[in-house]
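I have a new structure open and a blank notebook page. I'll jot down what I look up as I go, one topic at a time.

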Amino acid sequence: LAYAWDEGIQHETFPLLADGEALFEASRFEGAQRVRLPDGPGHGAALCLPARQRWAGTSLRYFPGDWRAYRRLSYRVYLPRPTPLALGLRIDDLAHVRRGQLSDDRYNGRVLLQPGWNTLTLDLDTMRKTAGGRRMDLSQIHHLRWFTLETLDGNQCFILDELRLLP
């Protein structure tokens with residue numbers, strides 16, 4: 001019941017994909033918890049990655065997949081540790097799933113998170129072109145996954161906030 005209620009909220013607030021404010025919003029992510037933001041009022045989705053596992057990560061489970069009216073994906077990430085963390089972002093469209101999920105048939109990006117708040121913006125036109133040269137279908141975005149690019153030596157958490165599509 002909570003998933004259905006939250007899915008309805010998500011459709012009402014689209015193009016906002018997640019900001020931690022809705023009560024059940026953390027359920028949109030694998031392994032996330034709803035926490036207070038470290039610098040004031042509001043909430044975010046705390047995403048904790050398992051220790052000692054390369055490619056550890058979390059996925060946004062459900063969201064409206066028609067992104068054709070938007071040009072950018074924007075989000076903020078808070079990294080509480082004192083050293084940077086290399087983070088990957090994978091975005092799939094439905095055709096990628098149907099074509100066998102080869103790594104060169106989707107968007108694979110990376111960013112080096114710095115301690116504290118990081119504001120990240122991804123141009124969707126750049127994101128559309130896969131390494132294999134196919135243009136992803138922005139009307140059928142299917143999957144978002146953030147993952148580590150290094151082996152972790154302990155549980156690492158980061159806070160994702162203000163995940164939204166922009167015109």
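**Entry 1: odd backbone spots**

Is Gln101 buried, partly exposed or exposed? Before I answer, a reminder to myself that this is a predicted model. I looked up the accessibility: Gln101 has a relative accessible area of 40%. Buried would need under 20% and exposed over 50%, so Gln101 is partly exposed. I had gone to Gln101 for its backbone, where phi is positive at about 60° although the residue is not a glycine. I found Gln101 in the loop between α2 (94–98) and β7.

Glu162 is another residue other than glycine with a positive phi, here near 55°. Glu162 sits in strand β10, and I noted it as partly exposed because its relative accessible area is 26%.

I also checked a peptide bond: the one joining Phe14 and Pro15 is cis, with omega about 25°. Pro15 belongs to the loop between α1 (2–13) and β1.

**Entry 2: the open sheet**

In which order do the 4 strands of the open sheet come? I read β4-β9-β6-β7, and the pairing is antiparallel. The edges are β4 (57–60) and β7 (107–113), each of which pairs on one side only. From one strand to the next, the twist averages 20°.

I then followed β4 to its neighbour. Strand β9 (residues 141–148) runs antiparallel to β4, and 4 bridges join the two. I picked out Thr58, whose bridge partner in β9 is Trp146.

**Entry 3: the nonpolar core**

Trp146 came up again when I turned to the core. The largest nonpolar core has 31 residues, and Leu73, Ile91, Trp146 and Leu163 have the most contacts inside it. Which elements give two or more residues to this core? My list reads β1 (16–18), β5 (72–79), β6 (85–93), β7, β8 (116–123), α3 (124–128), β9 and β10 (156–166). A general note for the margin: in soluble globular proteins, nonpolar side chains tend to be buried together.

I looked at Leu163 in more detail. Leaving out residues up to four places away in sequence, Leu163 touches a list of residues including Leu73 and Trp146. Pro15, from the cis bond in my first entry, is one of the others that Leu163 touches. Leu16, Leu17, Ala18, Phe29 and Leu60 are also among them, as are Ser74 and Tyr75.

**Entry 4: salt bridges**

How many salt bridges does the count come to? I got 9, and I went through a few of them.

Arg68 and Asp66 form one, with their closest N and O atoms 2.5 Å apart. Arg68 is exposed because its relative accessible area is 56%. Asp66 counts as partly exposed because its relative accessibility is 32%.

Arg76 and Asp161 form another, at 3.1 Å from N to O. This pair links distant parts of the chain, with Arg76 in strand β5 and Asp161 in strand β10, 85 residues apart. Is Asp161 buried or exposed? At 3% relative accessibility it is under the 20% limit, so Asp161 counts as buried. Arg76 comes out as partly exposed because its value is 24%.

Asp105 and Arg99 meet at 3.2 Å, N to O. I wrote down Asp105 as buried because its relative accessible area is 5%, and Arg99 as exposed because its value is 51%. Salt bridges that share partners join Asp93, Arg99, Asp105 and Arg134 into one network.

**Entry 5: Thr130**

Asp105 led me on to Thr130, a residue in the loop between α3 and β9. Thr130 counts as buried because its relative accessibility is 3%.

What does Thr130 touch, not counting residues up to four places away in sequence? I found Asp104, Asp105, Arg106 and Met136. For Asp104 I noted a polar contact as well: its backbone oxygen lies 3.3 Å from a polar atom of the Thr130 side chain.

How values were computed
Residues numbered from 1 in each chain as written. Predicted model: local features only at pLDDT ≥ 70, side-chain atom pairs only at ≥ 80, totals over all residues. Heavy atoms only, no water. Pairing = 2+ DSSP bridges. Axes fitted to C-alpha atoms, helices over the stretch in contact; angles between N-to-C directions. Core = buried A, V, L, I, M, F, W, Y, C linked by side-chain atoms within 4.5 Å. Buried < 20%, exposed > 50% of the residue type's maximum accessible area, 1.4 Å probe, protein only. Contact = heavy atoms within 4.5 Å. Polar contact = N/O pair within 3.5 Å; in protein donor to acceptor, adjacent residues only side chain to side chain. Salt bridge = Lys/Arg side-chain N within 4 Å of Asp/Glu carboxyl O.
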